[in-house]
Amino acid sequence: MAKAKMTREDALQFHMQPNPGKWEIQATVPMTTQRDLSLAYSPGVAIPCEEIAADPSTAYDYTNKGNLVAVISNGTAVLGLGNLGALGGKPVMEGKAVLFKRFADVNSIDIELDTEDPDAFIDAVKLMGPTFGGINLEDIKAPECFIIEQRLKEEMDIPVFHDDQHGTAVICAAGLLNALHLSGKQIEDVKIVLNGAGAAGIACLELLKSMGAKHDNCIMCDTKGVIYQGRTEGMNQWKSAHAANTDARTLAEAMKDCDVFLGVSAKGAVTQDMVLSMAPNPVIFAMANPDPEITPEEAHAVREDAIVATGRSDYPNQVNNVLGFPYLFRGALDIHARAINDEMKIACAEALAALAREDVPDEVAMAYGKKLTFGRDYIIPTPFDPRLIHRIPTAVAQAGMKTGVARRPIIDMDAYEATLMGRMDPTASILRSLNARARANQSTVVFAEGDDPRVLRAAVMYQRSGLGKALVVGREADVAEKLTAEGLSDAVSELTVVNAANTEHLDAYKQFLDQRLQRKGYDGQDIHRLAARDRHVFASLMVAHGHADGMVTGATRKSAHVLELINHVFDAQPHQGAAGVTAVLHKGRIVLISDTLVHEWPDEEDLGDIAERSAAVARALGLEPRVAFVSFSTFGYPVSERAEKMHTAATVLDGRNVDFEYEGEMTVDVALNAKAQENYPFSRLSGPANVLVVPARHSASISVKLMQEMAGATVIGPILSGVGKPVQICSTVSTVNDILNMAVIAACKVD
C-alpha cells in the first residue's frame with residue numbers, strides 16, 4: 001500500500017482554505033427575527049442569568065458549559081518541535097479542538113497563553129474556569145506541566161487533564177493489558193523498563209502502578225541512564241518518586257530479562273541486542289514520534305515472539321491519543337464531573353482493551369482493507385471504530401459516578417448509550433472507508449480536464465494521499481505552467497500527463513470508435529477529431545481499453561454535454577440501465593438522490609431500474625439501502641396523474657423480488673423524518689430513507705443544488721452507475737475536494 005506524501009505547500013493550503021484556521025462558530029438557536037434576538041440577548045437572557053446566579057449547577061442546563069472544553073497551551077513543548085511559543089503552537093491547539101468535535105461531538109476552543117511563568121498560567125486558567133466544563137492542557141514542557149496540572153486539579157472544580165501525560169498513558173495501558181493477556185503474563189509479575197522520563201513516561205508508569213504493577217519491578221531510564229535509588233545527577237521530585245532499587249545503570253542492562261519495554265524517548269534508542277536480551281514473549285511499545293526507538297521490522301527480525309506497538313499509523317498497534325481524550329471528556333462532561341480521576345482513566349483503558357478483544361465490525365474491516373482480529377498485530381482498537389463513541393464514555397461515566405466526582409449521575413445507562421450512538425457522524429466514517437478502500441485498490445484514475453487548476457490540485461492530492469496513480473489529460477507545458485501558478489511546481493515531475501500525441505494507442509482508440517459510430521453519421525475525420533482532440537472522449541477510451549481504472553470529468557463542461565460525449569465510448573443511455581446517483585452529506589446524514597444525470601422523465605419501469613442502481617451505489621458506500629419514491633403526495637393523497645408513476649414504481653419492484661427496503665410514494669418529510677413516518681405504521685421502511693428516487697431529472701437537480709447552495713451540504717456526484725466502468729462526472733461548481741471525492745469513488749469502483 002502506497003504511503004501518503006505531504007509537502008509544506010499542501011499543509012499551508014489546508015490551513016488557509018477555504019478560510020484561515022480549522023474551525024468556526026455557529027449558532028445553535030434561530031437568530032432571524034426580532035423575537036429570536038430578544039430571547040438570545042436582551043431582555044430574555046436575563047432570566048437564565050438569574051437562574052444560574054441562584055443555582056450555579058443550572059449553568060449546565062442553560063449554557064454550553066456542559067459540552068465545552070478548552071485546549072490550553074503556552075507552546076513550550078509543541079509536538080516534537082520544542083518551544084515555539086504560544087502563537088506558534090496555535091495550529092496544534094486548533095487541531096486538537098477539531099478532534100474533540102470529530103470523534104466525540106465535544107465543542108472545544110483553543111486558548112494560547114503567552115507566559116512561561118507557571119503561576120501566571122495557573123491564575124489565567126483558574127479565572128476562565130466558569131466558562132468551561134473541562135480543561136485539556138497541551139504541549140507544556142516538563143517539569144512545569146506537573147506543577148500546573150496538580151495546582152489546577154486542586155483549585156478548580158472541573159476536570160483538568162494534561163493529555164500529553166495521561167492520554168498516552170491510558171492508550172499505552174490499554175494495549176499493555178492485551179499484550180500481557182496474549183503472552184500469558186500478569187501485570188503484577190512483569191518487569192517493566194521505561195525509557196524517557198518526561199511527562200508522558202512518568203504518567204505511563206504511574207498509571208500502570210495504580211493498575212497493579214509493582215514499584216520494584218519498574219525501572220525508569222532517561223538520557224543519563226537508569227534512575228536508581230541514590231542517584232543525584234539530573235534528578236527532580238517526579239523522577240525520584242520512581243527511583244528503583246537496582247544495580248542496573250544503563251538501558252541495555254535494565255532491559256536484560258525484562259518483559260515490557262515502554263519508549264517515549266528517541267529514534268534508535270533500542271538495539272536488536274537489547275531486544276534479544278528480553279524475556280520470552282517480550283512486549284515492546286516503541287512510541288517515539290515520528291520514528292520509534294526500534295522499528296517493528298527490526299524487532300521481529302531478532303524476536304518473532306515480540307508484540308510491538310508504535311505511535312505511527314503505518315504500523316499495526318498504533319498508540320494514538322485520539323482513542324482516549326475525546327471519550328474521557330465525553331463521559332466526564334455528561335456526568336458534570338468535578339475531575340477525571342485514576343479510576344476513570346483505568347476504566348477507559350480497560351474498555352479499550354475489551355473492545356479490541358471483540359469481533360471487529362465489517363465497516364471497520366472495509367475501511368482498513370483487511371479483517372482485523374484480536375492478536376499480536378491488533379491489541380488496540382482503530383481510531384475509526386464506530387463503537388468507541390458509545391462504549392468508552394459509558395465506562396468513564398460509570399467510574400466517575402462510583403468514585404463520587406459526578407455532579408449529575410446518569411440514571412438510565414441504556415438510554416445514555418443510545419444518545420451517544422446518535423452523536424456518531426456516519427458521513428465521516430463513510431468517507432474514511434472510501435478513502436481506505438481506494439488506498440487499498442491503488443487504482444489509476446485519469447483526470448480528463450488537465451487545463452483546470454482545480455482538477456490539477458485534485459490529481460496531485462489523489463496521488464500524494466497514497467490513493468493511487470493520477471493521469472492528467474492535457475499538454476505538458478500547459479499543465480506545468482498551471483501547477484507552477486498554483487504553487488505546486490514540485491508536482492510537475494510527479495504527475496503523468498497523457499494526450500493523443502504521446503500515446504501509442506491512438507490507432508486502436510480510433511478503430512474502437514469507428515466500430516461504434518460508423519453507422520451514426522460519423523466519418524473518419526469525425527472519429528479522429530473525437531479521439532485525438534476531445535479530452536472527455538480520450539479519457540473514456542483509456543478507461544474502456546484498461547489503460548486507466550477509472551476517470552473523473554465534468555469540472556469544465558455541463559454534465560449533460562459530458563454525458564453525451566461519454567456515450568460515444570460507453571453505453572450510458574437511459575434504456576441501457578445507466579443512472580446518476582448523487583450523495584448529499586449534511587449535518588451527519590447522508591442521502592442519495594436519483595436520477596440526477598441520465599433519465600429526464602422516467603416512467604415507472606425506469607424508476608424501478610433507478611432504484612436498483614441507487615441501492616447498489618448505497619451498498620458500495622457502506623449503507624443498507626432504504627429507498628423512498630418521493631413526490632408531492634403520500635400514499636395516494638392528494639390524487640394526481642403526475643404522482644401516479646411514483647405510486648406504481650413500488651409495485652414494479654414488488655415483481656422484481658429485490659433485496660432492499662422500498663416504499664412510496666411519499667413526500668420528502670415522510671421519507672426522512674422518523675416522527676412523520678409514525679403516522680403510517682403500514683410503511684415497509686424500518687427507518688428514515690437514505691435513497692430518494694425523484695420523479696424527474698429536473699426535480700433531482702433542483703433538490704441537490706438547493707441543498708448545496710442554501711444548506712452548505714457536501715455533494716458527491718452524480719455517480720454514474722450501470723456503465724460497467726468507473727466513469728464519474730462532477731459538476732462545474734465542484735471544489736478541489738469535490739473532485740477528489742469523485743476520484744475516490746472511481747478508485748473504489750463504485751458503479
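**Entry 1. Terms and model**

Helices (H or I, at least four residues) and strands (E, at least two) are DSSP runs, numbered from the N terminus. I note at the outset that the model is predicted.

**Entry 2. Pro290 and Gly80, two loop residues**

I looked up Pro290 and placed this residue in the loop between strand E9 (283-286) and helix H14 (296-302). Its relative accessibility is 57%. Exposed means over 50%, so Pro290 counts as exposed. I then checked the distance from Pro290 to Leu79: the two are 211 residues apart in sequence, yet their C-alpha atoms are 9.8 Å apart in space.

I turned next to Gly80, which is found in the loop between strand E1 (68-73) and helix H5 (85-88). Gly80 is exposed as well, with a relative accessible area of 74%. From Gly80 to Asp139 I recorded 59 residues in sequence and 9.6 Å in space, C-alpha to C-alpha.

**Entry 3. Helix H15**

Is helix H15 (residues 325-334) enclosed or open? I found that 10 of its 10 residues are buried, so the helix is largely enclosed by the rest of the structure. The buried residues of H15 include the charged-type names Arg330 and Asp334, and also Phe325, Tyr327 and Gly331. After H15 comes His336, and I recorded a positive phi for this residue, near 50°.

**Entry 4. Cavities**

I searched the whole structure for cavities of 30 Å³ or more and obtained three. The largest cavity holds about 60 Å³ of space. Which residues line the largest cavity? I listed Arg102, Phe103, Tyr327, Pro383, Phe384, Asp385, Ile389 and Met424. Tyr327 links this entry to the previous one, as this residue lines the largest cavity and is one of the buried residues of H15.

**Entry 5. The five-stranded sheet**

I traced an open sheet of five strands, with parallel pairing and the order E13-E12-E11-E14-E21. Strand E13 (496-498) and strand E21 (727-729) stand at the edges; each has a single partner strand, so one side of each is left without a neighbour in the sheet. On average, neighbouring strands of this sheet are turned by 25° against each other, direction ignored.

At the E13 edge, I counted three bridges in the parallel pairing of E13 with strand E12 (residues 468-473). Val472 has Val497 in E13 as its bridge partner.

Which helices lie across these strands? Helix H25 (residues 535-544) lies across strand E11 (443-447), E12, E13 and strand E14 (550-553), and runs at about 165° to E14. Helix H26 (residues 559-566) lies across E14 and E21, at about 160° to E21.

**Entry 6. The six-stranded sheet**

I traced another open sheet, of six strands with mixed pairing, in the order E18-E17-E19-E16-E15-E20. E18 and E20 are the edge strands; each has a single partner strand, so one side of each lacks a neighbour in the sheet. I noted an average turn of 20° between neighbouring strands of this sheet, direction ignored.

Is edge strand E18 (residues 661-666) mostly covered or mostly open? Five of its six residues are buried, and the strand is thus mostly covered. E18 pairs in the parallel sense with strand E17 (residues 626-630) over five bridges, and Val630 stands opposite Met666 in E18. I followed the chain from E17 through helix H28 (residues 641-654) to E18 and recorded a right-handed β-α-β unit.

Elsewhere in the sheet, strand E15 (residues 579-586) and strand E16 (residues 589-594) pair in the antiparallel sense over six bridges. Ala583 stands opposite Leu592 in E16.

**Entry 7. The second largest pocket**

I looked up the second largest pocket and recorded about 460 Å³ of space. It is lined by 24 residues, of which Ser559, Thr596, Ser701, Lys705 and Ser731 are the closest to its centre. Which elements give two or more residues to the lining? They are H26, helix H31 (697-710), strand E20 (714-721) and helix H32 (736-747). H31 gives the most, with seven residues.

I cross-checked these elements against the sheets. H26 lies across E14 and E21, which belong to the sheet of five strands, whereas E20 is an edge strand of the sheet of six.

How values were computed
Residues are numbered from 1 along each chain as its sequence is written. This is a predicted model: local features need pLDDT of at least 70, side-chain atom pairs count only at pLDDT 80 or more; totals for chains, interfaces and linings use all residues. Side-chain values use heavy atoms; hydrogens and water are left out. Two strands pair if DSSP finds at least two bridges between them. Axes are lines fitted to C-alpha atoms, for helices over the stretch in contact, and angles run from 0 to 180 degrees between N-to-C directions. Contact means heavy atoms within 4.5 Å. Buried means under 20% relative accessible area, exposed over 50%, partly exposed in between (1.4 Å probe, protein chains only). A crossover is right-handed if, with the strands pointing away from the viewer, the path from the first strand over the helix to the second runs clockwise. On a 1 Å grid over the protein atoms alone, a cavity is a set of points where a 1.4 Å probe fits but cannot get out, and a pocket is an open set with protein on both sides within 12 Å along at least five of seven lines; lining residues have an atom within 4 Å of a point. Grid points are joined across faces, edges and corners, and a volume is the space filled by probe spheres set on the points.
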